[in-house]
Structure formats: structure tokens, C-alpha cells
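Dear colleague,

Here is the structure I said I would pass on, with my notes placed below it. Please read the notes with the coordinates open beside you.

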Amino acid sequence: VLEPPPGPLKDTRAKLVNDKSHPWKPAGKNDIRGPCPGLNTLASHGWLPRDGVATPAQIVNAVQEGFNMGNGLAIFVTYAAHLVDGNLVTNLLSIGGKTSKTGPNPPAPATVGGLNTHAVFEGDASTTRADFFFGDNHSFYETLFNQLTAFSNKFGAGFYNLSVAAEFRFQRIQDSIATNPQFGFSSPRYFTAYAESVFPVAFFIDGRDTSGQLDMKVARGFFQNSRFPDGFFRSGISTTSTVIGAGIDFIFSKHPIPPGGNNGAVNSYTPDPNSADLSQLCKLYTDFVNNTIRGLYPNAKGVLLAALNKNLDFFYSPLAGSDCPQVPAFV
Ligand code: HEM
Ligand code: MG
């Protein structure tokens with residue numbers, strides 16, 4: 001029996017999360033880190049297992065406790081990642097590369113490759129990580145962080161904020177169009193790219209500070225060192241998908257660009273008429289289940305099939321009661 005996802009926090013106030021029981025420690029040589037500075041930081045402070053291998057319930061708990069991510073958003077993002085990158089039978093997910101710690105492999109084409117796996121969740125035009133085409137899609141990349149700093153100076157008076165996010169999101173897309181022949185920017189990456197541009201504003205600013213301005217030294221701590229600032233308070237706002245959606249709409253509106261990708265050559269960006277756009281959350285969900293997840297598990301049986309369907313139920317649960325129907329269980 002798989003543990004169901006945790007419910008919401010009882011107390012969603014800002015509070016000290018870089019506390020005595022969660023000291024930063026550098027990752028040891030067997031500790032896994034990956035493309036997500038949020039989860040990396042939670043692991044390096046012991047809000048998640050320090051080795052970087054966790055159950056989805058542990059991840060939901062940690063993002064709620066450590067960053068005040070709202071329950072529905074936490075469940076949706078965590079189970080999306082677990083379904084494509086995690087081991088559904090052992091219930092373990094690596095926040096970075098593939099590891100034997102997640103247990104025996106299911107049959108191909110499933111990979112259980114951890115969050116570093118390209119093109120199922122991780123994708124191109126990331127904020128501080130290079131495109132998979134260039135060889136390393138998960139390590140902090142100083143060149144990009146320097147560009148981010150330059151944009152924060154130019155558009156944010158030295159801080160990262162939603163205006164900077166809008167300009168830098170567009171810049172990262174233009175950069176990938178011009179340099180990555182394999183650039184992919186269809187759903188689900190289309191959504192996560194915009195969301196990840198909002199996340200630093202929502203989560204990396206101390207909860208006692210409501211300015212919406214992220215100091216770039218603090219930003220570097222998270223992005224590069226997986227580290228909370230000393231005395232860091234989590235946000236005092238429970239960040240729901242509605243909060244993130246408002247940030248996404250702001251960023252998109254400054255430089256609208258449709259979902260799509262390059263066609264094997266640089267500067268060949270072509271819109272993808274089959275991809276969900278930002279107004280189609282139900283299509284995002286439905287296509288992710290029918291195409292991305294089903295593509296990895298075309299033929300699951302027995303214990304694996306049962307675990308797959310259970311996780312699909314958990315993934316859908318934030319949408320229950322909406323006008324988006326659940327995709328029927330896999331058979
Ligand atoms: C990026 C997973 C929560 C902040 C990513 C990426 C993955 C991921 C796979 C790589 C996407 C890419 O750039 O190609 C998850 C999962 C979460 C989660 C499964 C579970 C709820 C969070 C939280 C924060 C966060 C709570 C902030 C506190 C970010 C940021 C990026 C990112 C800023 C962009 C990194 C960059 O390109 O520099 N996340 N994330 N994430 N995540 Fe998370
Ligand atoms: Mg990426």
C-alpha cells in the first residue's frame with residue numbers, strides 16, 4: 001500500500017526554516033543533487049533525506065514545510081515528476097541522476113532516471129542550467145547565472161523580480177532557438193519553464209520581506225550552493241497554482257511565444273499545434289498522462305500497474321472537483 005500524499009500545513013505562517021535541526025551541510029560524495037535548486041536546498045538542510053532519494057510524500061512535506069508551497073501545487077508537481085522519473089513500485093525518486101538506490105528497474109521504455117532525465121520533466125531554456133544538447137542539463141552554470149545577474153542589474157536594480165523574470169525567460173528562449181538545434185519547448189516543458197521563472201520570487205525571498213525583490217547573493221546561495229541564507233524564514237504565503245499562474249501570465253504577456261521547438265536546425269522555431277498552451281491546464285494534465293506517462297508504461301502489469309494507477313490518482317487529486325475529468329485508469 002502506497003502512502004497517500006500529506007494534507008496541507010495547519011500553520012502556513014512565515015517561520016524560521018534554517019533552524020538548529022536543519023543545518024546546511026555540503027552534499028557528500030554519494031549524495032545526489034540535480035536540476036532543482038528548491039529540492040537541492042531541502043536535501044542539503046535535511047528537510048529531505050540528505051542523499052537526495054525520497055518518497056513523493058517526503059517531497060510534498062518538505063516543500064510545504066520548507067517553502068510553504070500549497071498542497072495542491074506540491075502534489076501536482078511532485079507526482080508528475082515521480083510518475084516519469086521515479087520508481088513507482090519502491091516509491092522512491094532521485095532528485096538528480098539515476099541511482100540503484102531507487103531499486104530494481106521496471107521494463108523499458110521506463111527509465112526511472114531521476115529528475116535529470118531530459119524531456120519528460122526537465123527541459124530546455126532553464127534559468128541556470130544548460131540545455132541537454134550541450135551535455136549537462138543539471139549542474140549550476142556560472143555563465144547563465146552571470147547573465148541572470150546582468151539582467152537583474154538592468155531590469156531590477158540589482159534584484160530578481162517578475163520584470164526581470166519576464167526579460168530573462170524570453171532571453172533564455174531566444175538563446176536556445178539560436179544555439180540548440182534540438183530545442184524543445186512544448187508542453188509540459190512550456191509550463192514548467194514559465195513556472196520556474198516565478199519560483200525564485202515566490203520561494204527564495206525571506207517570508208518577512210514582502211517586496212518581491214530577490215537579492216542576488218541569496219539567489220546564488222540557492223541556485224549554486226543549495227543553501228538557505230542564515231536565519232531564513234520561509235514565505236508567509238501558501239503558494240498555490242493560482243499565485244504561480246498570475247506570475248506566469250505576467251511573464252508571458254511581456255513576450256508571448258507559442259509552444260514549439262526547433263526542427264533539427266538552429267533558428268527554425270516552429271509552433272506545435274498539438275501542445276497545450278498556458279490557458280489549457282486540463283490539456284496539460286490529459287496529454288501528460290496519455291502521452292508522456294503512457295509512453296513510458298505502454299504495457300504495465302500486476303504490481304507495477306497497480307502502483308501506476310495509484311500514483312495517477314494522487315496526481316489527479318488536486319484537479320478533483322474541477323471541470324477537468326480524470327483520465328481513466330490504465331489497463
Ligand atoms: C527546476 C522539480 C519544487 C525551484 C526544476 C526542475 C525539476 C524540478 C525537474 C528542472 C526543470 C528545468 O529547468 O529543466 C521539482 C519538483 C518539485 C519542485 C518535483 C516538487 C514540488 C520546487 C520548489 C522550488 C523550486 C519548492 C523553490 C523553492 C525551482 C527552480 C528551478 C527548478 C528555480 C529552475 C532551476 C534553473 O534552471 O536554474 N524543478 N521542483 N522547485 N525548480 Fe523545482
Ligand atoms: Mg533544464
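What follows is an account of a metal site, two cis peptide bonds and two unusual backbone angles.

Please keep in mind throughout that this is a predicted model, and that every value below was computed from it.

I begin with the magnesium ion (ligand 2), whose protein donors are Glu122 through OE, Gly123 through O and Ser126 through OG, at 2.0 to 2.1 Å from the ion. Along the sequence these donor residues follow the spacing E-G-x2-S, and both Glu122 and Gly123 are buried. Since water is not among the atoms, the site may look incomplete, and I would not read a full coordination sphere from these protein donors.

Next come the cis peptide bonds. One of them joins Ala108 and Pro109, with omega at about 5°, and Pro109 lies in the loop that runs between strand 2 (93-94) and helix 4 (142-156). Another joins Ser187 and Pro188, where omega is about 10°; Pro188 belongs to the loop between strand 4 (184-185) and helix 6 (189-203).

The surroundings of Pro188 can be described further. With a relative accessible area of 15%, Pro188 falls under the 20% limit and is therefore classed as buried. When its neighbours within four places in sequence are left aside, Pro188 is in contact with Val120, Leu284, Phe288 and Thr292. In addition, the C-alpha atoms of Pro188 and Tyr285 are separated by 8.7 Å, although these residues are 97 apart along the chain.

The backbone angles concern the loop between strand 2 and helix 4, which holds Val112 and also Ala119. Val112 is not a glycine, yet it has a positive phi of about 45°, while Ala119, likewise a residue other than glycine, has a positive phi near 80°. As for accessibility, Val112 counts as buried because its relative accessibility, 3%, is under 20%, whereas Ala119 has a relative accessible area of 54%, which is over 50%, and so Ala119 is exposed.

When you go through the model, you may wish to look at the loop between strand 2 and helix 4 with both Val112 and Ala119 in view, and then to turn to Pro188 together with its contacts, among them Val120 and Phe288.

With best wishes

Definitions and conventions
Residues are numbered from 1 along each chain as its sequence is written. Chains are lettered from A and ligands numbered from 1 in the order in which they are written. This is a predicted model: local features need pLDDT of at least 70, side-chain atom pairs count only at pLDDT 80 or more; totals for chains, interfaces and linings use all residues. Side-chain values use heavy atoms; hydrogens and water are left out. Donors are N, O and S atoms within 2.8 Å of the metal (3.2 Å for Na, K and Ca); water is not among the atoms, so sites may look incomplete. Buried means under 20% relative accessible area, exposed over 50%, partly exposed in between (1.4 Å probe, protein chains only). Helices (H or I, at least four residues) and strands (E, at least two) are DSSP runs, numbered from the N terminus. Contact means heavy atoms within 4.5 Å.
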